[in-house]
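Welcome, and thanks for stopping by! Let's look at a structure together and ask, step by step, how its features earn their names.

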Amino acid sequence: MPQARAGRHESGQAIVVMVGAILLSIALVATIVDGGNVLAQQRVTQNGVDATSEAGAVMLAERLAGAAAPSGGWDLNIAARLAQTAAANHITVEAAYYTDICGIPLKADGTGAINADRTENLAAALQVGNASHVLPGGTATAPDCPNRMVGPVAGVLVSGRKDVAAYVAGAIGITSFRVNTRATAVAGYLQGYCDSSEGHHCAVVPVAIPVDVVTCGAGDDVVPGSNPWPWNQVVVVPLCKANPGNVGWLDWTPPGGGASELVCSIVNTNNPTITLPAWLNVPSTGNVNGGGACVDAVTGVSYSGVEGAMRKYNGQVILIPQFDLTCRVKNGDPDPDSTQPAVNMAPNYGCPYAPGGGNGQNIWYRMPSFAFFQLCDPLLPECGGRQGAYMQGSNAAECNSGGGTSCLIGKFMDIMATGTVGAGVGSGTGNKAVGVQLIK
């Protein structure tokens, strides 16, 4: 009898061990099968949340580009767009918040929803789809990302989830797994890139045009405007005398050469790599006479002077940088800083001093964007028999915009639409490329 009791005792222990082994086997299989599925769904969920945040940022990009507010207002429509995109990606939005272009959550008054230690304070952040259906307010303009100085509303932070059904783990009472993730997308001005080695598409003519309309006033001084150049219509871009804010001729290799390099730099475009925004040196502004002759390396045709060189492109679309700020440096000062974030940081934007000033000679211009500009040709009906360039200072009939006697004539056709997005500081948005970027 003692032996029978011992056998039953050992049999009971075997059952416990066997049950434990089965449970362990199920857990291991669940780890492999369900764990692998959860990892796969993590990526799917992240893609869905990315797409949802970008959908909100796209609507903010429309607002930045000057689109009229939709019926019901921006917040209501952004919330609806998030819900629509989330549903299409089979995810649930737990919360969504407005941010600036740095990805910093914003309060209703436009200040940063951040703690003293610079961490996020989402409890204080304004949510998308808020009760008042408003966007963050305030008067912020240019952000300073490293120092957590916020800019205006420019992005959407989305926190989302997806519940993933369990396969094997259901045998041990685990019916689903929750996958949580988040993403932030922002809208801003596209920061372009071009190098003449990239071909005709990135052959930049060494002339800079303001982002806003200018005219020539009394004494041929430039008169700045506040509206962007109109698109797809013939305009006169006047070349007033040398003073800040005027059309300027660029020196790709400062400080040597300057204006003497212009003719060949126009005929055989030789711009270096330019990643906008950037500060570029302007050795001379306005009317540039003479300059010698240069032979086209491809056709063998010789072009004389800046006017003749520019007329090589009559009827063609040329790529030109546009500027929104000037910087005057003194002897011994460092050049303006074109690195990020300096070139986008208020108040100097990389200039050693406050931007502005100077007499137009040997100053630096900040370039936030490229534009495609079609020069006129006498054969184009809309040009009224006019050439694309008048540089000799004796063409008031063709160029007069108040006092101008030299000018470029043509149409703004398109914008450079490549690169990352940045805040930009120009006064107009009409001729800047607006884009959306996923930042985190």
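Q: What makes the contact between Asp50 and Arg43 a salt bridge?
A: In this predicted model, the closest N and O atoms of Asp50 and Arg43 are 3.8 Å apart. A salt bridge needs a side-chain nitrogen of Lys or Arg within 4 Å of a carboxyl oxygen of Asp or Glu, and 3.8 Å meets that limit, so the name applies.

Q: Is Asp50 called buried or exposed, and why?
A: Its relative accessible area is 12%. Buried means under 20%, so Asp50 counts as buried.

Q: What about its partner: why is Arg43 called partly exposed?
A: Arg43 has 45% relative accessibility. Partly exposed covers the range between the buried limit of 20% and the exposed limit of 50%, so Arg43 belongs there.

Q: How many salt bridges does the structure hold?
A: It holds nine. Here is the idea behind them: side chains of opposite charge can pair when their charged atoms come close.

Q: How do you know that Arg161 and Glu94 form a salt bridge?
A: Their side chains meet at 3.5 Å, N to O. The cut-off is 4 Å, so this pair qualifies.

Q: Which parts of the chain does the pair of Arg161 and Glu94 link?
A: Arg161 sits in strand S2 (residues 155-165) and Glu94 in strand S1 (residues 92-99), 67 residues apart. Glu94 is partly exposed, at 39% relative accessibility.

Q: What makes Arg178 and Asp163 a salt bridge?
A: The N to O distance is 2.7 Å, and the limit is 4 Å, so the two side chains count as paired. This pair also links distant parts of the chain, with Arg178 in strand S3 (residues 176-190) and Asp163 in strand S2, 15 residues apart. Asp163 is partly exposed, with a relative accessible area of 42%.

Q: Which residues are linked with Asp163 in a network of salt bridges?
A: The network links Asp163 with Glu94, Arg161 and Arg178.

Q: How do you know that Cys216 and Cys240 are joined by a disulfide?
A: The S to S distance is 2.0 Å. A disulfide is a pair of cysteine sulfur atoms within 2.5 Å, so this pair fits. It belongs to a set of five disulfides found in a search of the whole structure.

Q: What does the pair of Cys216 and Cys240 tie together?
A: Cys216 lies in strand S6 (residues 212-216), and Cys240 in the loop between strand S8 (235-238) and strand S9 (248-249), so the disulfide ties together parts that are 24 residues apart in sequence.

Q: Why is the disulfide of Cys216 and Cys240 called left-handed?
A: The torsion about its S-S bond is about -95 degrees, so it is left-handed.

Q: Why does Cys216 count as buried?
A: Its relative accessibility is 1%; the limit for buried is under 20%, so Cys216 counts as buried. Cys240 is buried too, with a relative accessible area of 1%.

Q: What makes the link between Cys399 and Cys407 a disulfide?
A: Their sulfur atoms are 2.0 Å apart, and the limit is 2.5 Å, so the link qualifies. Its S-S torsion is about -65 degrees, so this disulfide is left-handed. Both Cys399 and Cys407 are buried.

Q: Why are Trp231 and Phe412 called an edge-to-face aromatic pair?
A: Their ring centres are 5.7 Å apart, with 70 degrees between the planes. Rings pair if their centres lie within 6.5 Å, and planes over 60 degrees apart count as edge-to-face, so both parts of the name fit. The two residues also belong to one aromatic cluster with Trp229 and Phe373.

Q: Is Phe412 buried or exposed, and how do you know?
A: Phe412 has a relative accessible area of 0%; buried means under 20%, so Phe412 is buried. Trp231, at 22%, is partly exposed.

Q: What makes Arg311 a charge over the ring of Tyr390?
A: The charged end of Arg311 sits over that ring, 5.0 Å from its centre. The distance limit is 6 Å, so the distance condition is met.

Note on methods. Residues are numbered from 1 along each chain as its sequence is written. This is a predicted model: local features need pLDDT of at least 70, side-chain atom pairs count only at pLDDT 80 or more; totals for chains, interfaces and linings use all residues. Side-chain values use heavy atoms; hydrogens and water are left out. Helices (H or I, at least four residues) and strands (E, at least two) are DSSP runs, numbered from the N terminus. Buried means under 20% relative accessible area, exposed over 50%, partly exposed in between (1.4 Å probe, protein chains only). Rings of Phe, Tyr and Trp (its six-membered ring) pair if their centres lie within 6.5 Å; planes under 30 degrees apart count as stacked, over 60 as edge-to-face and the rest as tilted. A charge sits over a ring if NZ of Lys or CZ of Arg is within 6 Å of the ring centre and within 35 degrees of the ring normal.
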